[in-house]
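Biologist: Before I accept the labels attached to a model, I would like to hear how each one is reached. Could we take the terms one by one and set the values against the definitions?

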Amino acid sequence: MSAIHLLPDLLINQIAAGEVVERPAAALKELLENSLDAQALSIAVQLEAGGMNRLSVTDDGAGIAKQDLSLALARHATSKIATLQDLESVASLGFRGEALASIGAVSHLSLSSRRADDKHAWKIELTGGALAPIQPAALAQGTQIDVRDLFFNTPARRKFLKSEATEFAHSDEAFKRIALSRADVAMTLTHNGRNNWRLPAQEPVARVAAILGDDFARESEIIDVSAAGLRLSGVAGRPAAARSSRDEQYFFVNGRFVRDKLLSHAVRQAYQDVLHHLRHPAYVLFLQIDPALVDANVHPTKTEVRFRDGRAAHQFIFHALHKALAQPVHTGASSAGEHSAFAIPAMEMVATKNFSMPSATQKFYSGAQQTSFNVSEPRPFYETLFGKKTDYNQLVKEAPGQRTETPIETNTNQQDAQPLGFALAQLLGIYILA
């Protein structure tokens with residue numbers, strides 16, 4: 001075994017890139033977080049080949065001074081923390097000072113930036129860890145980072161990348177997470193010259209509807225609960241908006257997207273009384289907490305957090321969601337339909353004379369508007385079902401012992417009044433047979 005020696009800086013950055021820059025989507029996430037930390041109000045993203053050939057992020061943030069450009073690309077250099085106390089209560093998204101140096105070690109990176117009081121922009125390039133001299137550049141106020149040929153000098157890492165479509169799907173998901181976290185920032189995404197997203201600055205609920213769709217918005221509850229220094233806000237989908245996968249679950253802690261087992265368990269517990277165990281809830285939730293009470297420095301990609309009092313956070317989230325989901329869907333105080341951005345109609349249920357619900361389901365739908373219907377179903381329904389026309393008035397006249405003073409109305413619009421049919425029975429306490 002050889003003697004102990006120090007690793008060269010380039011190799012150190014390449015090792016860090018393996019942790020921080022797993023794929024183009026990870027690099028995009030880091031660059032978008034830097035733009036938000038720079039107080040940008042508009043961000044434009046351009047991708048080529050899913051981000052493998054080119055990844056460009058342009059913002060209108062505060063910009064970087066000329067003398068700080070080389071430091072911005074240095075390892076463990078940051079303006080966001082200076083002491084241990086800053087680290088323990090960090091409020092910014094990026095703070096480790098590894099992203100730009102790691103990305104530049106495995107790509108051709110160009111950084112151009114201009115502050116408001118600068119006469120023009122300045123540009124610096126980093127290719128495989130080698131810095132080029134700073135040069136003047138043309139750019140409006142803000143910063144532009146252009147990353148080309150990701151992993152060009154680490155072919156082993158490049159081989160682990162998937163197809164262009166797969167890498168773009170990951171980049172698109174990273175873009176949506178950032179867009180959901182900051183609805184007040186206008187964002188655009190272009191892939192191979194095609195506009196995929198063009199999101200203006202808007203209200204949070206409008207941003208949710210723009211990204212996840214109007215159907216999700218119509219079947220959601222607005223959440224906004226505060227207690228003991230914690231605040232939970234966002235949009236929680238009703239059981240009707242449940243999905244077969246977890247692809248529409250977004251949880252943010254102090255504006256940072258996280259995947260945390262404790263938080264996921266709290267949400268799942270809140271839905272257990274109203275959602276089948278094979279379905280998954282859809283939600284966009286934001287937890288605001290004192291930064292000193294949560295540690296965001298437990299993973300290089302900052303997608304995991306650790307709470308000082310995890311039990312308190314769990315119970316708060318569970319009770320806030322459970323109470324909101326138990327509200328009557330047409331009069332609940334937290335109904336998304338009351339927000340100006342949404343127009344959610346009251347949920348209607350039909351009931352037969354002998355129709356019954358389990359107590360748990362009755363509790364959830366307590367107060368829901370119900371409509372009754374006659375025992376004899378509209379005859380046009382059967383005409384559609386069996387494909388034939390029948391003169392029901394003639395049948396009644398011919399039937400012995402029947403009164404025929406009032407002709408029977410055959411309103412063809414009745415079949416449209418119940419587009420899902422008529423409830424006949426309930427199966428397994430969950431499904432409605434119609």
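Modeller: A pocket here is an open set of grid points where a 1.4 Å probe fits, with protein on both sides within 12 Å along at least five of seven lines, and a residue counts as lining if it has an atom within 4 Å of a point. Please keep in mind that this is a predicted model.

Biologist: What makes up the lining of the second largest pocket, and which residues lie nearest its centre?

Modeller: The lining consists of 33 residues, and those nearest the centre are N34, I64, A72, S79 and K80. The space in this second largest pocket is about 730 Å³. By residue type, the lining divides into 17 nonpolar, 8 polar and 8 charged residues.

Biologist: Which elements each supply at least two residues of that lining, and which gives the most?

Modeller: At least two residues each come from α2 (24–37), β2 (54–59), α3 (69–72), α5 (99–105) and β7 (142–148). The most is given by α2, with 5 residues.

Biologist: How do you know that the span of α2 agrees with what a helix should give?

Modeller: The expected span is 1.5 Å times one less than the number of residues. For the 14 residues of α2 that comes to 20 Å, and the end C-alpha atoms are 20 Å apart, so the two values agree.

Biologist: What makes α2 mostly covered?

Modeller: Of the 14 residues in α2, 12 are buried, among them P24, A25, K29, E30, E33 and L36. L32, which lies in this helix, has 0% relative accessibility, and because the cut-off for buried is under 20%, L32 counts as buried. The C-alpha atom of L32 is separated by 9.5 Å from that of L93, 61 residues apart along the chain. After α2 comes Q39, whose phi is positive, near 65°.

Biologist: How do the spans of α7 and α11 stand against the expected values?

Modeller: Helix α7 (residues 164–181) has 18 residues and should span 26 Å; its end C-alpha atoms are 26 Å apart, so the value agrees. Helix α11 (residues 310–325), with 16 residues, reaches 22 Å from its first C-alpha to its last, close to the 22 Å expected. Buried residues of α7 include F168, F175, I178 and L180, as well as the charged residues E167, D172, E173 and K176. In α11 the buried residues include H314, F316, F318 and L321.

Biologist: Why is H319 called partly exposed?

Modeller: H319 is found in helix α11, and its relative accessibility is 47%; partly exposed covers the range between 20% and 50%, so H319 falls under that term. H319 and Q269 are 50 residues apart in sequence, yet their C-alpha atoms are 9.5 Å apart in space.

Biologist: How many aromatic pairs are there, and what makes the pair of F252 and F257 edge-to-face?

Modeller: The count comes to 3 aromatic pairs. The rings of F252 and F257 are 5.8 Å apart, centre to centre, with 70° between the planes; centres within 6.5 Å make a pair, and planes over 60 degrees apart make it edge-to-face.

Biologist: Why, then, is the pair of F252 and F286 called stacked?

Modeller: The ring centres of F252 and F286 are 4.9 Å apart and their planes stand at 15°, which is under the 30 degrees that stacking requires, so the pair is stacked. Because F252 lies in strand β12 (residues 249–253) and F286 in strand β14 (residues 283–288), the pair ties together parts that are 34 residues apart in sequence. F252, at 1% relative accessibility, counts as buried, and F286 counts as buried at 14%. One aromatic cluster is formed by Y250, F252, F257 and F286.

Biologist: What lies over the face of W122?

Modeller: K66 lies there, at 3.9 Å from the ring centre, where the distance limit is 6 Å.

Biologist: Where are D149 and N192 found, and why do both count as partly exposed?

Modeller: D149 lies in the loop between β7 and α6 (155–159), and N192 in the loop between β8 (186–191) and β9 (194–199). With buried set at under 20% and exposed at over 50%, D149 at 34% relative accessibility counts as partly exposed, and so does N192 at 43%. Phi is positive in D149, near 50°, and in N192, about 55°, although neither is a glycine.

Definitions and conventions. Residues numbered from 1 in each chain as written. Predicted model: local features only at pLDDT ≥ 70, side-chain atom pairs only at ≥ 80, totals over all residues. Heavy atoms only, no water. 1 Å grid on protein atoms, 1.4 Å probe; cavity = no way out; pocket = protein on both sides within 12 Å on 5 of 7 lines; lining within 4 Å. Points joined across faces, edges and corners; volume = space filled by probe spheres on them. Helix = DSSP H or I, 4+ residues; strand = E, 2+ residues; numbered from the N terminus. Buried < 20%, exposed > 50% of the residue type's maximum accessible area, 1.4 Å probe, protein only. Phe/Tyr/Trp six-rings, centres within 6.5 Å; stacked < 30°, edge-to-face > 60°. Lys NZ or Arg CZ within 6 Å of the ring centre and 35° of its normal.
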